[in-house]
Amino acid sequence: MFLLFYELCLLLGLGVEQITYLSVMLTLMLCYGDKFRFFLFSKIISGDLLKVIDLSYGKVRALQKIKLKNTQELRVYANISGLLFPVTLALVLGTYVIYQQPQYLTTYFLLLSYLTITYNRFSVMVLEKGILISMMSSIITTVMLMLAVGTHYSLDPNTLFVLTYSVSTLATLIGVDLLNLRYVAFFKTKSIIIGGYGVKDAIFLIPAISSITTKTVYDFLTLLSYT
């Protein structure tokens with residue numbers, strides 16, 4: 001968290017002492033903020049489940065496929081640190097990049113689409129634990145993809161950092177949380193908290209670690225190319 005805020009404050013052109021104090025304050029505020037949640041909306045969700053029933057009797061083997069449908073009302077909440085902060089920051093940074101360099105608009109949405117599908121494939125719904133995702137696979141995929149994009153377009157490290165954070169945050173929200181909401185119907189869950197783990201949630205950690213790692217590695221590769 002501290003490194004994330006440190007990099008963001010550097011983009012604002014603040015002094016070293018100001019950056020350090022501000023990063024510490026924001027980190028503490030965010031750690032405290034993950035205890036708060038607020039209601040977003042209530043939604044009727046339904047889902048279809050294909051189940052195989054064994055009707056075997058004696059030596060006669062028979063299998064029957066039945067389709068079950070479950071519908072229920074789901075109350076959706078949001079965590080301040082786990083959802084509100086990263087998504088708001090991602091939208092601001094994404095808007096800034098596209099406004100400053102509109103030629104990357106198509107690239108932005110292509111990256112968002114790819115990572116959304118990838119994160120969705122890496123995620124799974126687990127009873128009593130919620131939606132889980134492979135953090136390592138998601139971060140490695142994101143870093144490798146963004147390094148390739150940065151090298152191809154010869155982006156400066158700060159632009160690549162901002163682009164990585166914005167795209168990976170929104171992709172996590174859509175691919176992991178929103179696209180998996182329909183599976184909640186099979187677990188008889190009455191409510192779900194998006195970003196419920198706060199600063200330990202995937203929607204916070206994946207973008208933060210991916211963007212910092214991408215910028216660090218990209219800086220190193222850029223330095224090697226000039227030596």
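Hi everyone, let me start with one residue: D219 is partly exposed, with a relative accessible area of 30%. Please keep in mind that what you see here is a predicted model.

So who is the partner of D219? D219 forms a salt bridge with K215, and their closest N and O atoms are 3.2 Å apart. Both residues sit in helix α7, four residues apart, which is about one turn of the helix. K215, unlike D219, counts as buried, because its relative accessibility is 11% and the cut-off for buried is under 20%.

Now let's stay with K215 and look across to helix α1. The side chain of K215 also meets that of E7 in a salt bridge, at 3.5 Å from N to O. E7 belongs to helix α1 and K215 to helix α7, which covers residues 202–225, so this pair ties together parts that are 208 residues apart in sequence. And are these two buried or exposed? Both E7 and K215 are buried.

If you put the pieces together, E7, K215 and D219 are linked in a network of salt bridges. The count for the model comes to two salt bridges.

While we're on side chains, a quick word about cysteines. How many disulfides are there? The count is zero. As a reminder, a disulfide is a covalent bond between the sulfur atoms of two cysteines. Two cysteines you can look up in the structure are C9 and C31. C9 counts as buried, at 3% relative accessibility, whereas C31, at 33%, counts as partly exposed.

Let me finish with a pocket, which brings us back to α1. The second largest pocket holds about 390 Å³ of space. It is lined by 18 residues, and the closest of them to the pocket centre are L11, L12, L93, Y96 and V162. Which elements give two or more residues to this lining? They are α1, residues 2–11, α3, residues 80–100, and α6, residues 157–178. The biggest share comes from α3, which gives eight residues.

As for the chemistry of that lining, twelve of its residues are nonpolar, five are polar and one is charged.

So, two things to look at when you open the model: the network that links E7, K215 and D219, and the second largest pocket, with α1, α3 and α6 each giving two or more residues to its lining. Thanks for listening, and I'm happy to go back to any of these in the viewer.

Notes: Residues numbered from 1 in each chain as written. Predicted model: local features only at pLDDT ≥ 70, side-chain atom pairs only at ≥ 80, totals over all residues. Heavy atoms only, no water. 1 Å grid on protein atoms, 1.4 Å probe; cavity = no way out; pocket = protein on both sides within 12 Å on 5 of 7 lines; lining within 4 Å. Points joined across faces, edges and corners; volume = space filled by probe spheres on them. Nonpolar A, V, L, I, M, F, W, Y, C, P; charged D, E, K, R; others polar. Salt bridge = Lys/Arg side-chain N within 4 Å of Asp/Glu carboxyl O. Buried < 20%, exposed > 50% of the residue type's maximum accessible area, 1.4 Å probe, protein only. Disulfide = S-S within 2.5 Å.
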